[in-house]
Amino acid sequence: EKSTMLGCCSRLICDGCDFANKLLEFEESLEHTCPFCRLPTPKSQAEADLNANRKRRIKANDPVALREMSKTHYHKGDYNGALEYLMKAAELGDVGSHYLISDLYRDGQGVEKDEKKELYHLVEAAIGGHPEARFFLAFYEARNERFDRAVKHWIIAANLGHDESIQQLKKGYKHGVVSKEDFAAALRAHQ
């Protein structure tokens with residue numbers, strides 16, 4: 001949430017560092033380049049897709065580059081192409097790809113809707129530390145009236161910095177589903 005994926009080299013940069021880099025370039029009247037690879041930043045998604053560095057990273061089986069290429073296919077409406085890149089990235093251990101695959105199975109995009117496969121990929125992402133996956137697993141557990149498990153998922157997601165999980169824990173505390181100690185511990189860990 002507080003970082004940006006660079007289209008040229010598929011690296012993450014925190015928003016504060018990105019802002020500082022852009023400010024320096026503005027003050028010094030420099031051309032805007034990537035702070036990591038120093039290539040000029042792509043001006044459009046099509047330009048990013050043609051980037052040779054990105055293609056090189058995809059050929060090298062970089063899971064982040066594969067996931068980013070899947071997003072390009074997804075936004076073009078090519079769900080099968082997106083799924084192909086996501087599956088390869090997930091096989092390489094990318095938890096973000098597992099999360100996105102679960103979305104495809106939930107919505108039936110490029111695949112038939114399949115709750116078991118959706119849950120499998122959601123669990124894999126959650127185990128890998130994906131806070132959104134934990135958040136949605138909590139809703140799945142709550143929908144099946146396993147509130148103790150739902151609370152545990154929201155606590156873990158809150159510990160990972162997920163803001164909406166804190167809001168759900170607050171609601172649970174008001175309704176007596178979350179203990180005062182659990183809510184206080186989650187708040188301390190979240191901050």
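**A walk through a predicted helical chain**

From the N terminus on, the elements of the protein chain run β-β-α-α-α-α-α-α-α-α-α-α-α. The model is a predicted one.

Biologist: Happy to start simple: how many helices and strands are there in the protein chain?

Modeller: Reading from the N terminus, the order opens with β-β and continues with α elements. Counted up, the protein chain has two strands and 11 helices.

Biologist: What box do the C-alpha atoms fill, and what percentage of the residues is buried?

Modeller: Taken along the principal axes, the box is roughly 55 × 45 × 25 Å. A residue counts as buried when its relative accessible area is under 20%. Of the 191 residues in the protein chain, the buried share is 40%.

Biologist: Let's look at H6; how far apart are its end C-alpha atoms, and why does that agree with its 13 residues?

Modeller: Helix H6 covers residues 95-107, and at 1.5 Å a residue its 13 residues should span 18 Å. The expected span uses one less than the number of residues. The distance in the model agrees with this, as the end C-alpha atoms are apart by 19 Å.

Biologist: Which helices are included in what covers the buried residues of H6?

Modeller: The residues to be covered are Gly96, Ser97, His98, Tyr99, Ile101, Ser102, Asp103, Leu104 and Tyr105. Their cover includes helix H4 (63-75), helix H5 (79-91), helix H7 (115-127) and helix H8 (131-143).

Biologist: Which residue follows H6, and is its phi positive or negative?

Modeller: Just after H6 comes Gly108. The phi of Gly108 is near 70°, so by sign it is positive.

Biologist: Good! Which residues touch the most other members of the largest nonpolar core, and which helix gives that core its largest share?

Modeller: This core has 13 residues, with Trp154, Leu169 and Ala186 touching the most other members. Two or more residues come from each of H8, helix H9 (147-159), helix H10 (163-174) and helix H11 (180-190). The largest share is five residues, given by H9.

Biologist: Which residues does Leu169 touch, leaving out those up to four places away in sequence?

Modeller: Touching here means heavy atoms within 4.5 Å. With those sequence neighbours set aside, the partners of Leu169 are Val151, Trp154, Ile155, Ala158, Val178, Phe183 and Ala186.

Biologist: And how many residues are in the other core that lies apart from it?

Modeller: Among the members of that other core are Leu119, Ala125, Ala126 and Ala133. In total, its residues number eight.

Biologist: One for your charge models: how far apart are the mean positions of the positive and negative charges?

Modeller: The protein chain has 28 positive and 30 negative charges. Their mean positions are apart by 2 Å.

Key
Residues are numbered from 1 along each chain as its sequence is written. This is a predicted model: local features need pLDDT of at least 70, side-chain atom pairs count only at pLDDT 80 or more; totals for chains, interfaces and linings use all residues. Side-chain values use heavy atoms; hydrogens and water are left out. Helices (H or I, at least four residues) and strands (E, at least two) are DSSP runs, numbered from the N terminus. Buried means under 20% relative accessible area, exposed over 50%, partly exposed in between (1.4 Å probe, protein chains only). A nonpolar core is a set of buried Ala, Val, Leu, Ile, Met, Phe, Trp, Tyr and Cys residues joined through side-chain atoms within 4.5 Å. Lys and Arg count as positive and Asp and Glu as negative; His and the chain ends are not counted. The place of a charge is taken as NZ of Lys, CZ of Arg, CG of Asp or CD of Glu.
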